Amino acid sequence: MRARFEALALLAGSGTADFAMRITQVALPLVILRETGSVAATGLVGGAAGVPMLLSPWWARKARQWVDSGPRLALVAMVTAIALASVPAAAGLGLLTPELLVLSGLMLGCGTALSDPGRSALLADTGDRWGVDRAVLLLTWQDGLRRVGMLIGPTVGALAVSAGFTNRMLWIEAVAVVGAGLLACTVPARRTTGAPDGGELPSIRASLKERPEVLYGWLIRGTGCVTWFAFTLGLSVLGEQRGRPGVYLAAGMTGYGVGSLIGTLISLAVVRRIPPVACAAVAWSWSGLCWIAMGLWSTPAVVAIAGAFSGVTVVVGIAAISIIITRSSAGAERRTLLSGQAVVVSASSSAGLLVGGPIIAAVGAGATLVGAGLITALIAGLVLLRCQTAGHGTDRDQYVGRAA
């Protein structure tokens, strides 16, 4: 019962903070634009926040191991809340400057680089005490709550902004992060940060040496994150070019959101029955085929249906990678692997967005969707072939008990 209570507290905090962030994404650029009068400044917070995450394999190697309890996670949440609150506070005082925005973004990035993998590791540790494979169940539900926020958060944020609550939304996010930290305080410290066998704290590279399956999973997921721009930017451009701005993206994101919730409900049952690496590879192969369908038959109905299938498969693929990590690691190594996964997702998504605009401009939105789908399916297929040849994807229980 204690483990269940702690898990619910962590999930509630994570879901609340993430939902507040999705709502505030609509308000933050508007506040910055109104106060600075600069369109270029609107992306300073988000851009600066990505830098600490990308550099975290170097600066955060020891710091991420420090976040091994609820109270310590709460301290990191306080730093994040201060970074978030600095923007509306400075705006209210008329002191908002580009330098302050960059500083706020850097603080926010440092907090996120520590809190996201720290919370996931605490959830997984709590799941271990709850029962077999409960760790991946909790991580899957955490991802499911995040997708609920992605689905309805921007709409709620737009309604709040239209009602004149722009600045207040930023304060609400800071309060939500503090509340998430207070909920995490219910999870006591269980010191598992010591390095294996008394050695040095594990690096991401060292933690991958005996876990090639994790590396394969990251390769598949990273490819999907790189090509994700074809879905978001591509559908936005497609709708604009066809005189139906926002319609195609709304159809795709709605379908994707509904599909991801279905995937959350069924993913654990699926990944328990299929070798995890093979499951991840097949899942992202299907997702790639869905993007190809969007590019070839670009109607709102097809986009919505293909988006829904893509949402189901991506969630199942993520759960498959999570089950590899949770079954094969614990303590310091698990926190390291979860941190590495966060870096992979952030870096690959940023890289895709960086090159996405020029690619769509050069070849068109439809061709970009088809090409992105082909690349995603091809990489996933090659990984599946490699794993089957090497024997990595044939025994789904090869890691059970290893983390104990």
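What follows is a chat about the two domains of a predicted model and how they meet.

Colleague: Hi! Before I dig in, what should I know about the model and the numbering?

Modeller: It's a predicted model, where local features need pLDDT of at least 70 and side-chain atom pairs count only at pLDDT 80 or more, while totals for chains, interfaces and linings use all residues. Residues are numbered from 1 along each chain as its sequence is written, and side-chain values use heavy atoms, with hydrogens and water left out.

Colleague: Thanks. How is the protein chain divided?

Modeller: Into domain 1 (1-189) and domain 2 (203-395), with bounds from an automatic or database domain assignment. Their C-alpha centres lie 23 Å apart.

Colleague: And how many residues are in contact between domain 1 and domain 2?

Modeller: 28 residues of domain 1 touch 33 residues of domain 2, contact being heavy atoms within 4.5 Å.

Colleague: What area do they bury between them?

Modeller: About 2600 Å², with 66% of it on carbon and sulfur atoms. That is the accessible area (1.4 Å probe) that two parts lose on being put together, summed over both. On the domain 1 side, Arg64, Asp133 and Arg147 supply 22% of the area buried against domain 2, more than any other three residues.

Colleague: How many salt bridges cross the interface of domain 1 and domain 2?

Modeller: The rule finds two, taking a side-chain nitrogen of Lys or Arg within 4 Å of a carboxyl oxygen of Asp or Glu.

Colleague: Which helices supply the side of domain 1 that touches domain 2?

Modeller: H2 (44-59), H3 (63-66), H5 (98-130) and H6 (134-162) each supply at least two residues. H6 gives the most, with eleven residues. Helices here are DSSP runs (H or I, at least four residues), numbered from the N terminus.

Colleague: Switching topic: is serine 14 buried or exposed?

Modeller: Buried, because its relative accessible area is 13%, and buried means under 20% (1.4 Å probe, protein chains only). Serine 14 is found in helix H1 (residues 2-36).

Colleague: What does serine 14 touch?

Modeller: Arg119 and Gln142, not counting residues up to four places away in sequence. Serine 14 is also 11 Å from valine 178, C-alpha to C-alpha, though the two are 164 residues apart in sequence.

Colleague: And why does serine 207 count as buried?

Modeller: Because its relative accessibility is 0%. Serine 207 has its place in helix H8 (residues 204-208). Leaving aside neighbours within four places in sequence, serine 207 is in contact with Pro202, Glu333, Thr336 and Leu337.

Definitions and conventions:
Buried < 20%, exposed > 50% of the residue type's maximum accessible area, 1.4 Å probe, protein only.
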